[in-house]
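Let us walk through this structure step by step, beginning with its sheet and moving on to what is packed against it.

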Amino acid sequence: MGQTHQLNKLEIPRWIHGHMNSKHSLHVFCDASQQAYATCILLRSVNPQGVACHLVAAKSRIAPLKNISISRLELLGCCISVRLAKTIFSDLEEHGNIPIHYCSDLMNCLYWIKNDEQWATFVMN
């Protein structure tokens, strides 16, 4: 049975908008392994009382059965990150221009995204 009896004490705050004078920013993280790739988006609010970070959304996908490289899986993680961030950003547009910060731990993805070269079909798509 373990610690399942403590689940009824678990509280997850649903309100994420913070103080009126808060400065907001979205932070998007993605990662991948041979089994799956995923992303999560946090809303960071800074106000006179301090800093608060709230999970806004997360998404994951199981890696394809065909064996593909971690670099390509990381790139797929970047794709779902951008799509999810676009949705969240459009929902928060009424709060002004909120900066978005994207984070990935693989430099290959950053190189592929930043450079406009003639990549292979998978990377170009």
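Two strands are said to pair if DSSP finds at least two bridges between them, and strands are DSSP runs of at least two residues, numbered from the N terminus. With that in mind, and remembering that this is a predicted model, the reader can take the bridge partners below as links between one strand and another: in β4, for example, the bridge partner of L26 is I100.

The chain contains three helices and four strands, and these elements follow one another along the sequence in the pattern β-β-β-α-β-α-α. The four strands come together in an open sheet whose order is β3-β2-β1-β4, with mixed pairing. Because β3 (50-62) and β4 (100-104) stand at the edges and have a single partner strand each, one side of each is left without a neighbour in the sheet. From one strand to the next, the twist averages 20°.

The pairings can be followed across the sheet, starting from the edge strand β3. Here β2 and β3 run antiparallel and are joined by 12 bridges, one residue pair being S45, which stands opposite A52 in β3; a hairpin connects the two strands through two residues. The next pairing, between β1 and β2, is again in the antiparallel sense and extends over 10 bridges, with L42 in β2 as the bridge partner of H27, and these strands too form a hairpin, this time with three residues between them. On the other side, strand β1 (residues 23-32) runs parallel to β4, to which five bridges join it; besides the link from L26 to I100, V28 has Y102 as its bridge partner in β4.

How far is β1 enclosed by the rest of the structure? Seven of its 10 residues are buried, so β1 is largely enclosed. For the chain of 125 residues as a whole, 28% count as buried.

Some of the residues already met return in the interior. The largest nonpolar core has 10 residues, namely L26, V28, I41, L43, A57, L84, A85, I88, L92 and I98. At least two residues of this core come from each of β1, β2 (36-47) and α1 (70-91), and α1 gives the most, with three residues. One member of the core, I88, is in contact with L26, I41, V56 and A57 when its neighbours within four places in sequence are left aside. There is also a second, separate core of six residues, among them A32, Y37, I68 and I80.

The cysteines deserve a separate look, since a search of the whole structure finds zero disulfides. What keeps C103 from forming such a bond? Its sulfur lies 8.4 Å from the closest cysteine sulfur, that of C30, which is too far for a bond, given that a disulfide needs the two sulfur atoms within 2.5 Å. C103 is partly exposed, with a relative accessible area of 33%, and C53, at 48% relative accessibility, counts as partly exposed as well.

Finally, the chain can be considered as a whole. Of its contacts with a separation of 6 or more, 57% are between residues 24 or more positions apart. Its accessible surface comes to about 9,200 Å², and 56% of that surface belongs to carbon and sulfur atoms.

Definitions and conventions. Residues are numbered from 1 along each chain as its sequence is written. This is a predicted model: local features need pLDDT of at least 70, side-chain atom pairs count only at pLDDT 80 or more; totals for chains, interfaces and linings use all residues. Side-chain values use heavy atoms; hydrogens and water are left out. Axes are lines fitted to C-alpha atoms, for helices over the stretch in contact, and angles run from 0 to 180 degrees between N-to-C directions. Buried means under 20% relative accessible area, exposed over 50%, partly exposed in between (1.4 Å probe, protein chains only). A nonpolar core is a set of buried Ala, Val, Leu, Ile, Met, Phe, Trp, Tyr and Cys residues joined through side-chain atoms within 4.5 Å. Contact means heavy atoms within 4.5 Å. Accessible areas come from the Shrake-Rupley method with a 1.4 Å probe; for residues, only the protein chains shown count as cover.
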